[in-house]
Amino acid sequence: MITVSSNLATNVLIDRLGADRVAATMATYGAQEMVVRRGVEDNKAFERGLNNTATAHGFFTILMAIARGQAVSPAASAEMVEILKRQTFRAGLPAGVPTGTAVAHKTGTITRIHHDGGIVFAPRPYVLVVLTRGFADEKTSDTLIAAVSTA
């Protein structure tokens with residue numbers, strides 16, 4: 001689900017845990033705007049207006065909890081960081097930082113929407129989230145995300 005951004009794996013977790021429970025968990029960390037109502041690519045639910053929502057603030061809030069060791073527990077947070085560091089899509093945030101800088105991040109892409117958010121382990125570590133919408137070509141949004149990361 002994380003390292004190769006598998007929608008199938010995401011849907012299996014949502015089915016197993018329940019969309020309401022996932023959304024409630026996000027809310028407990030202060031990310032109420034991270035709303036999960038359905039699995040990814042569920043066109044029937046989409047047509048009924050049941051859409052998942054994410055905001056930069058919500059994404060940032062969850063990443064900060066992980067970075068601070070406050071997501072579930074310090075050990076679980078550290079394990080999450082290690083998994084996020086193995087993300088295979090590297091054209092966004094990691095492309096904008098100096099070579100060798102570790103980035104623990106999560107990408108997401110669906111029709112004309114492309115996100116990348118992560119913990120950048122620079123000399124002064126920080127969390128950065130970039131959400132894009134409306135780009136037909138993912139390479140263009142990757143270039144923008146990398147430019148924001150560089151800045």
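**Notebook: helices, one salt bridge and some loop residues**

I began in helix α5 (residues 74–85), where K85 and E82 are three residues apart and are therefore separated by about one helical turn. The model I am reading is a predicted one, and I kept in mind that side-chain atom pairs count in it only at pLDDT 80 or more. The side chains of these two residues form a salt bridge, with an N to O distance of 3.4 Å between K85 and E82. For the geometry I noted that an α-helix has 3.6 residues a turn, so residues three or four places apart point the same way. I added that side chains of opposite charge can pair when their charged atoms come close. I then looked up the accessibility of both partners: K85 is partly exposed at a relative accessible area of 31%, and E82 is likewise partly exposed, at 41%. How many salt bridges does the structure hold? I found one, and with the cut-off set at a nitrogen within 4 Å of a carboxyl oxygen, the 3.4 Å of the K85 and E82 pair falls inside it.

Still in α5, I turned to S77, which is placed in that helix. Is S77 buried or exposed? S77 counts as buried, because its relative accessibility is 1% and the limit for burial is under 20%. Leaving out residues up to four places away in sequence, I listed its contacts as A65, I66, G69, Q70 and A71. For one of these, I66, I also looked up the backbone separation: the C-alpha atoms of S77 and I66 are 4.9 Å apart, although their positions lie 11 residues apart along the chain.

Next I went to the N-terminal helix α1, and asked which of its residues are buried. They are T10, N11 and I14, and since they cover an arc of only 95 degrees around the axis, they sit on the same side of α1. The buried residues of this helix pack against α2, which spans 19–28. On the face turned away from the buried side I found the exposed residues L8, D15 and R16.

I took N11 separately, as a member of helix α1. Its relative accessible area is 18%, so N11 is buried, and the cut-off of under 20% is what places it in that class. Not counting residues up to four places away in sequence, N11 touches G39 and V40.

I then checked both ends of α1. At the N-terminal end S6 acts as a cap, with a side-chain oxygen 3.3 Å from the backbone nitrogen of L8. Just after the helix, G18 has a positive phi of about 95 degrees.

M1 belongs to the segment before α1, a helix that runs over 7–17. M1 is partly exposed, with a relative accessible area of 36%, and together with L13 and L17 it makes a nonpolar surface patch of about 240 Å².

After G18 I looked for positive phi values at residues that are not glycine, keeping in mind that most residues other than glycine have a negative phi. E41 shows a positive phi of about 65 degrees without being a glycine, and E41 is found in the loop between α2 and α3 (43–47). V72, which is not a glycine either, has a positive phi of about 70 degrees. Where is V72 placed? V72 is in the loop between α4 (56–67) and α5, and I recorded it as exposed because its relative accessibility is 65%.

In strand β1 (residues 102–110) I looked up T107. T107 counts as buried at 9% relative accessibility. What does T107 touch, apart from neighbours within four places in sequence? I found contacts with S5, Q87, F89, H115 and D116.

My last entry concerns T99, in the loop between α5 and β1. T99 counts as exposed, with a relative accessibility of 85%. I also noted its separation from M26: the two residues are 73 residues apart along the chain, and their C-alpha atoms are 32 Å apart.

Key
Residues numbered from 1 in each chain as written. Heavy atoms only, no water. Patch = residues over 30% accessible without salt bridge, like charges linked within 9 Å, V, L, I, M, F, W, Y side chains within 5 Å. Areas by Shrake-Rupley, 256 points an atom, 1.4 Å probe, with all protein chains shown as cover. Helix = DSSP H or I, 4+ residues; strand = E, 2+ residues; numbered from the N terminus. Buried < 20%, exposed > 50% of the residue type's maximum accessible area, 1.4 Å probe, protein only. Arc of directions from axis to C-beta. Contact = heavy atoms within 4.5 Å. Polar contact = N/O pair within 3.5 Å; in protein donor to acceptor, adjacent residues only side chain to side chain.
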